[in-house]
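Work through the following exercises with the sequence and the model side by side. Each task is followed by a solution in steps.

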Amino acid sequence: MNWRDHITSDPRVCHGKHCFVGTRIMVSIILDCLAADMSHEEVLSEYPSLSREMILAALAYSSELAQERVVAL
């Protein structure tokens with residue numbers, strides 16, 4: 001899975017925050033939903049313009065971010 005196929009950043013859309021291609025849905029919103037224990041099916045029900053592949057892309061994106069940066073606890 002290459003998350004770059006599904007996630008983009010454009011300074012003219014959502015202030016440059018990472019969003020799913022063709023939408024104004026920010027990746028952070030979907031990650032928040034998953035962190036709140038929403039199932040993939042629930043997320044897709046709330047955001048019907050997304051696909052299962054986009055949810056997986058969000059997880060791959062967050063995994064890559066976690067490898068690049070240390071967050072102080």
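**Exercise 1.** Decide whether E64 is buried, partly exposed or exposed, and find the salt bridge that E64 forms with R4.

*Solution.* Start with accessibility, for which buried means under 20% relative accessible area, exposed means over 50%, and partly exposed lies in between (1.4 Å probe, protein chains only). E64 has a relative accessible area of 29%, so this residue is partly exposed. Next, apply the salt-bridge criterion, a side-chain nitrogen of Lys or Arg within 4 Å of a carboxyl oxygen of Asp or Glu; R4 and E64 meet it, with their closest N and O atoms 3.1 Å apart. Then place the partners: R4 lies in the segment before β1 and E64 in helix α3, 60 residues apart, and the pair thus links distant parts of the chain. Helices (H or I, at least four residues) and strands (E, at least two) are DSSP runs, numbered from the N terminus. R4 is partly exposed as well, at 48% relative accessibility.

Before going further, keep in mind that this is a predicted model, in which local features need pLDDT of at least 70 and side-chain atom pairs count only at pLDDT 80 or more, whereas totals for chains, interfaces and linings use all residues. Residues are numbered from 1 along each chain as its sequence is written, and side-chain values use heavy atoms, with hydrogens and water left out.

**Exercise 2.** How many salt bridges does the structure hold?

*Solution.* The structure holds 2 salt bridges. Besides the pair already described, the side chains of D10 and R12 meet at 3.0 Å, N to O. R12 is exposed, because its relative accessible area is 71%.

**Exercise 3.** Find the aromatic pair and describe its geometry.

*Solution.* Rings of Phe, Tyr and Trp (its six-membered ring) pair if their centres lie within 6.5 Å, and planes under 30 degrees apart count as stacked, over 60 as edge-to-face and the rest as tilted. A search of the whole structure gives 1 aromatic pair. W3 and Y61 form this edge-to-face pair, at 4.9 Å centre to centre with 70 degrees between the planes. Since W3 lies in the segment before β1 (7-8) and Y61 in helix α3, the pair ties together parts 58 residues apart in sequence. Both W3 and Y61 are buried.

**Exercise 4.** Which residues does L44 touch, not counting residues up to four places away in sequence?

*Solution.* First locate L44 in helix α2 (residues 40-46). With contact meaning heavy atoms within 4.5 Å, L44 touches L50, S51, R52 and I55. L44 is partly exposed, with a relative accessible area of 25%.
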